[in-house]
Amino acid sequence: MSMRKRTIAMITAALLGAGATGIALAPAANAAAPYHGVDGSGGVYDDWQDEENLGVDDYAESNATALWETVLYADGAQWQDDDGDWHAFKKNQVDGSFGPETESATQWWQERYGLPDADGVVTDDSWESAQRRLHGPYTGSVVQYAGHARTVNFKRVGGKYRVKLRLTGSWKNAYYDTLG
């Protein structure tokens with residue numbers, strides 16, 4: 001093989017190898033997506049003012065939804081069934097699934113706190129209103145939510161909120177795109 005052909009073959013092999021490496025590395029780089037969850041640091045007075053919307057169409061199956069359901073439970077929220085009967089939002093309903101009961105309880109909660117849109121979608125107004133009842137952080141990274149019916153605890157570790165899930169009984173990061 002001539003020197004020119006050998007040089008072209010080596011350059012081609014190097015370029016193909018670099019291309020293959022680039023292709024192999026691209027998915028790995030994308031796999032390390034940034035944290036997409038409820039976060040906060042320092043005092044809790046501004047932790048929830050910039051959170052994502054939650055609802056039947058927004059992050060309906062997530063640990064962030066479980067965090068919101070914990071707020072509903074702490075405030076003694078009520079939800080209305082199809083027959084028009086009212087029921088207490090109970091601890092065992094903190095499951096990270098934003099279904100009809102969570103939507104109804106959120107509407108009840110929004111009306112109770114005089115929010116302009118009691119539509120069952122957790123928006124900035126809901127997050128900011130709930131944020132006013134946060135206290136801490138305390139020893140062990142505990143942040144407390146002083147609800148109307150009871151006080152509940154969250155954890156904030158490394159600036160990331162954690163919620164205790166009924167499904168697992170363990171603390172999980174309050175991700176918008178993860179359940180469990």
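Here is a friendly exchange about the helices and aromatic rings of this predicted model.

Me: What makes up the fold, in terms of helices and strands?
Reply: The protein chain has four helices and seven strands. Along the sequence they follow the pattern α-α-β-β-α-α-β-β-β-β-β.

Me: Why are α2 and α3 called oblique to each other?
Reply: Their packing angle is about 55°, and their axes lie 10 Å apart. Roughly parallel needs an angle under 35 degrees, and roughly perpendicular starts at 65. An angle of about 55° fits neither class, so the two helices are oblique. As for handedness, α2 passes α3 in a left-handed crossing.

Me: Which residues make the contact between α2 and α3?
Reply: From α2 come Trp-68, Glu-69, Val-71 and Leu-72, and they meet Thr-102, Ala-105, Thr-106 and Trp-109 of α3. By class, these residues divide into five nonpolar, two polar and one charged.

Me: What makes Glu-69 charged and Thr-102 polar in that division?
Reply: Glu is listed among the charged residues, whereas Thr falls to the polar class because it is in neither the nonpolar nor the charged list.

Me: How many aromatic pairs are there?
Reply: The count comes to nine aromatic pairs.

Me: Why is the pair of Trp-68 and Trp-127 called edge-to-face?
Reply: The ring centres are 5.6 Å apart, and rings pair when their centres lie within 6.5 Å. The planes stand at 70°, and edge-to-face means over 60 degrees, so the pair earns that name.

Me: What makes this a link between distant parts of the chain?
Reply: Trp-68 sits in helix α2 and Trp-127 in helix α4, 59 residues apart.

Me: Are these two tryptophans, Trp-68 and Trp-127, buried or exposed?
Reply: Trp-68 and Trp-127 are both buried, which means that each has under 20% relative accessible area.

Me: Which residues form the aromatic cluster?
Reply: Trp-48, Trp-68, Trp-109, Tyr-113, Trp-127, Tyr-145, Phe-154 and Tyr-161 form one cluster. Among them, Trp-68 and Trp-109 also take part in the contact of α2 with α3.

Me: Which residues of α4 are buried, and what do they pack against?
Reply: In α4, residues 124-131, the buried ones are Ser-126, Trp-127, Ser-129, Ala-130 and Gln-131. They pack against α2 and α3, and also against the strands β3 (134-138) and β4 (142-146).

Me: How many of the 180 residues count as buried?
Reply: In the protein chain, 36% of the 180 residues count as buried.

Notes:
Residues numbered from 1 in each chain as written. Predicted model: local features only at pLDDT ≥ 70, side-chain atom pairs only at ≥ 80, totals over all residues. Heavy atoms only, no water. Buried < 20%, exposed > 50% of the residue type's maximum accessible area, 1.4 Å probe, protein only. Contact = heavy atoms within 4.5 Å. Axes fitted to C-alpha atoms, helices over the stretch in contact; angles between N-to-C directions. Left-handed = near helix turned anticlockwise from the far one by under 90°. Phe/Tyr/Trp six-rings, centres within 6.5 Å; stacked < 30°, edge-to-face > 60°.
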